[in-house]
Amino acid sequence: MARPVIAIVGRPNVGKSTIFNRIIGDRLAIVEDKPGITRDRIYGTGEWSGRSFSVIDTGGIEIDGEDGMLRLVRMQAELAIEEADLIVFMADAKSGVTNADEEVAQILFRSGKPVVVAVNKVDNLQRMDDIYEFYSLGFGDPIALSGSHGIGIGDLLEACIERLPVGEDQEYDDDVIKVALIGRPNVGKSSLVNAILGEERVIVSEIAGTTRDAIDTPFVKDDQRYVLIDTAGMRKRGKVYETTEKYSVMRSMKAIERADVVLVVINGEEGIIEQDKHIAGYAHEMGKASVFVVNKWDIVEKDDKTMQHFTNSIRDHFLFMSYAPIVFLSALTKSRLHRLLPVIDRVAEQHAMRVPTHLLNDVVADAVAITPPPTDKGRRLRVNYATQVSVKPPTILIFVNDPELMHFSYERYLENKIRAAFDFEGTPLRLFTRRKS
Ligand code: GDP
Ligand code: GDP
């Protein structure tokens, strides 16, 4: 079951990103005390009462050419309606219900999606009275919040969980490899889908709904079943998408969320831009396997060093994803296309790989013997035991005398040793430390 998506909408400055950061618990995200800061995180995952969900801060979605506040908020709301399972409509106790709030409420109301009204900046009990007027928005009990003080977050999440729809999504068998194609418009995602489907011995299912703009295309090759999740297919669907072509974050998120393997498609002719990094970063954070696909290789002027240069450039830009293989190809001429599916198979396999505990412990013990953990104020980390607790992505628990003593650089070292032994090509690895002597 795919994780449900909760989107936060509301006027600028009501505190969306503050609350967003509280929900995802990321203390590192920056909320500066001035309006209109750009956010570099607008997506995260949260958990409440054992249910996990994705959260999107729509305030961080830029919409080209939209500088009017009301139009911007309206578009963000429309995107949220299209993509989210539940909407948190955030307002500000200090300013009360504004005209813009009422207008957005109308749009949300008509959508029929579940909406929770959250009133932020209720910083003290005196302010509690200010929330009553928000009943007039028509979405039931408003939830009082103070982002600054971290008050009300639990109530908000409780209200969300109560209203979230349960298990509606159709999903695929576990042995189906789900592949999402993400990348900016025009990098060639649709062309690549067509090229893959046009390959020899690919059998595309004739199931209902497999139309030109279907988002999912199941197919079989050499007895392996796949589903292509194409984010480009949705472009043709609605007005909002056309205008937000540049920042099609939400639909990329959802596609990544449902995938095992993410193809980060890059236009070889243009090189790497910031947005590619953001998108790839999400795949990494969500624990998906990734492959960089450098498309349009046919029109790149090449000599014998071009591929190496491009490879170096990808490695420089995506430092945190050095595990992801790179495939250069042309969807148009189909040159090198035959290399792609085997790479997808390989990273999907590694993403689902389980390493036996005794082998893992041998590797970790050797690593510790070669380079013992450094001491910290006279205390030394002791690594006692390691075991892989889950797959997709492979997740390893390391039991130590004191998790506080595990430093980032040593964790990196252990990860490198584990990769050197078992590879885990194409997949992020998650290492967690737990106390156990
Ligand atoms: P967004 O534009 O809706 O995402 O709003 P931000 O999260 O960027 O917050 C806008 C401003 O409101 C910032 O200066 C925050 O520090 C401030 N703010 C956020 N939450 C609260 C709160 O609960 N109380 C008060 N007094 N200020 C808040
Ligand atoms: P999408 O928006 O990412 O789905 O991109 P499209 O598949 O619609 O492709 C955008 C444009 O790039 C179209 O004109 C394609 O014909 C062209 N294109 C796609 N792949 C290639 C390729 O490998 N080489 C060349 N030269 N053009 C390509």
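Guide: Two residues are in contact if their C-beta atoms, placed from the backbone, lie within 7 Å. Please keep in mind throughout that this is a predicted model.

Visitor: Not counting residues up to four places away in sequence, which residues does Val-261 touch?

Guide: Val-261 belongs to the largest nonpolar core, which has 94 residues, and is listed there among those that touch the most other members. Leaving aside residues up to four places away in sequence, the partners of Val-261 are Ile-177, Val-179, Lys-288, Ala-289, Val-291, Ile-344, Val-347 and Ala-348.

Visitor: How many residues make up the other core, which lies apart from the largest one?

Guide: In soluble globular proteins, nonpolar side chains tend to be buried together. The largest core here includes Phe-89, Ala-118 and Val-293 among its best-connected members. The core that lies apart from it includes Val-364, Leu-381, Val-383 and Ile-398, and its residue count is 12.

Visitor: In what order do the strands of the six-stranded open sheet follow one another?

Guide: The edges are occupied by β2 (43-48) and β6 (143-144), each of which pairs on one side only. Inside the sheet, β1 pairs in the parallel sense with β3 over four bridges, and β1 is also joined to β4 in the parallel sense, through five bridges. β2 and β3, by contrast, are antiparallel, over six bridges. The pairing in the sheet is thus mixed, and the order is β2-β3-β1-β4-β5-β6.

Visitor: Which residue is the bridge partner of Thr-45 in β3?

Guide: Strands of a sheet pair through backbone hydrogen bonds, either parallel or antiparallel. The residue in question in β3 also stands opposite Val-5 of β1. The bridge partner of Thr-45 in β3 is Ser-54.

Visitor: Why is strand β1 described as largely enclosed by the rest of the structure?

Guide: Val-5, Ala-7 and Val-9 point one way from β1, while Ile-6, Ile-8 and Gly-10 point the other way, and residues of both groups are buried. A residue counts as buried if 20 or more other C-beta atoms lie within 10 Å of its own. β1 is largely enclosed because the number of its residues that are buried is six of the six.

Visitor: At about what angle does α1 run to β3?

Guide: Helix α1 (residues 16-24) lies across β1, β2, β3, β4 and β5 (115-120). Another helix, α2 (residues 69-83), lies across β1 and β4 and runs at about 165 degrees to β1. For α1 relative to β3, the angle is about 155 degrees.

Visitor: Which residues come nearest to ligand 1?

Guide: By class, the shell around ligand 1 holds three nonpolar, 10 polar and four charged residues. The largest share of this shell, three residues, is supplied by helix α1. Of the 17 residues around ligand 1, those that come nearest are Gly-15, Lys-16, Ser-17, Thr-18 and Gly-147.

Visitor: Which strands stand at the edges of the seven-stranded open sheet?

Guide: The order in this sheet is β8-β9-β10-β7-β11-β12-β13, and the pairing is mixed. Within it, β9 (residues 216-221) and β10 (residues 224-230) run antiparallel and are joined by six bridges, with Lys-221 standing opposite Gln-224. The strands that pair on one side only are β8 (203-204) and β13 (326-328).

Visitor: To which strand does α10 run at about 160 degrees?

Guide: Helix α10 (residues 340-351) lies across several strands, including β7 (177-182), β9 and β11 (261-267). The strand to which α10 runs at about 160 degrees is β12.

Visitor: Is Lys-121 buried or exposed?

Guide: Most residues other than glycine have a negative phi, whereas phi of Lys-121 is positive, near 70 degrees. Lys-121 is found in the loop between β5 and β6. Since 22 other C-beta atoms lie within 10 Å of it, Lys-121 is buried.

Visitor: In which loop does Pro-393 lie?

Guide: Most peptide bonds are trans. The bond from Lys-392 to Pro-393 is instead cis, with omega near 0 degrees. Pro-393 lies in the loop between β16 (383-390) and β17 (395-400).

Visitor: How far apart in space are Arg-258 and Val-179, C-alpha to C-alpha?

Guide: Arg-258 is located in helix α7 (residues 249-258), and with 19 C-beta neighbours inside 10 Å it counts as partly exposed. Although Arg-258 and Val-179 are 79 residues apart in sequence, their C-alpha to C-alpha separation in space is 8.6 Å.

Notes: Residues numbered from 1 in each chain as written. Chains lettered and ligands numbered in written order. Predicted model: local features only at pLDDT ≥ 70, side-chain atom pairs only at ≥ 80, totals over all residues. Helix = DSSP H or I, 4+ residues; strand = E, 2+ residues; numbered from the N terminus. Pairing = 2+ DSSP bridges. Near = placed C-beta within 6 Å. Nonpolar A, V, L, I, M, F, W, Y, C, P; charged D, E, K, R; others polar. Axes fitted to C-alpha atoms, helices over the stretch in contact; angles between N-to-C directions. Core = buried A, V, L, I, M, F, W, Y, C linked by C-beta atoms within 7 Å.
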